[in-house]
Structure formats: C-alpha cells, structure tokens
Amino acid sequence: MTDTTEVPEPGGSSEGRPRRGGKRGKKGPLGRLALFYRQIVAELRKVVWPTRHQLSTYTSVVIVFVVIIIGLVTVIDYGFTEAIKYVFG
C-alpha cells in the first residue's frame, strides 16, 4: 500500500496566502524609511562589540603596522630616487 497523505510545506504558508498583512510593498516613502531604520537597529543589536581592551589592542596593532609600511615605502622611494639620480646624473 502506498501512503498518499499530504505533508504541509515548510514555512506554514497554506493556499498561497501571504504570511503577514495584505499590503506588502505598498508603503509610502516615510514608511519605507522607518522600516529601513528598524532593520538597521535590529542588525546593530546582533553585532558583537569589542571590549575596550580589545579595541585598544587592535588600534595599536593597526597603527604599528601602518608606521612599518610607511617606513618601508619611504626606504624604497629613497632607494629608487638615488638609483634614478645615479643613472641619469
């Protein structure tokens, strides 16, 4: 025998009805702006913010890295400048 019972689809939407209120997407500019703002606030609540110690550590690492890269670029630039002066007089 074959089982012919229907299993409802995931999501709970039956008979093609919308899951929420009827007028989706028919909001005015202020309604869309308010929805956008609510979504931003909801996403910011999900963020895992660093502690003060982590923030100062990460900031220090970035500043040291940038200073090292600036020094490296300065040395390479100076080297190229001296090479060009030697070649072209």
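In the predicted model, a nonpolar patch on the surface is formed by Val62, Val64, Phe65, Val66, Ile68, Ile69, Ile70, Leu72, Val73, Ile76 and Phe80, which together contribute about 1,000 Å² of accessible area. Of these residues, Ile70 may serve as an example: Ile70 is located in helix 2, and because its relative accessible area of 51% lies over the 50% cut-off, Ile70 is classed as exposed. For the protein as a whole, the accessible surface amounts to about 9,200 Å², with carbon and sulfur atoms accounting for 65% of that area. Buried residues represent 0% of the 89 residues in the protein.

With respect to secondary structure, the protein contains two helices and zero strands. Helix 2 comprises 37 residues (residues 52-88), for which a rise of 1.5 Å a residue gives an expected span of 54 Å; the C-alpha atoms at the ends of helix 2 are 54 Å apart, so the expected and computed values agree. Just after helix 2, Gly89 adopts a positive phi of about 85°. Helix 1, in turn, covers residues 29-46.

A search of the whole structure for salt bridges returned two. In general, side chains of opposite charge can pair when their charged atoms come close. One of the two pairs links Glu43 with Lys46, where the closest N and O atoms are 3.1 Å apart. Both Glu43 and Lys46 belong to helix 1, in which they are separated by three residues, or about one turn of the helix. An α-helix has 3.6 residues a turn, so residues three or four places apart point the same way. As regards accessibility, Glu43 counts as partly exposed because its relative accessibility of 46% falls between the 20% and 50% cut-offs, whereas Lys46 is exposed, with a relative accessible area of 59%.

A further salt bridge joins the side chains of Lys85 and Glu82, with an N to O distance of 3.9 Å, which is within the 4 Å limit applied to such pairs. Lys85 and Glu82 both lie in helix 2, and here too the spacing is three residues, about one turn of the helix. Lys85 is exposed, its relative accessible area being 51%, while Glu82, at 33% relative accessibility, counts as partly exposed.

Terms used: Residues are numbered from 1 along each chain as its sequence is written. This is a predicted model: local features need pLDDT of at least 70, side-chain atom pairs count only at pLDDT 80 or more; totals for chains, interfaces and linings use all residues. Side-chain values use heavy atoms; hydrogens and water are left out. Helices (H or I, at least four residues) and strands (E, at least two) are DSSP runs, numbered from the N terminus. The expected span of a helix is 1.5 Å times one less than its number of residues. Buried means under 20% relative accessible area, exposed over 50%, partly exposed in between (1.4 Å probe, protein chains only). Accessible areas come from the Shrake-Rupley method with a 1.4 Å probe; for residues, only the protein chains shown count as cover. Patches are made of residues with over 30% relative accessible area and no salt bridge: like charges are joined within 9 Å, nonpolar side chains (Val, Leu, Ile, Met, Phe, Trp, Tyr) within 5 Å.
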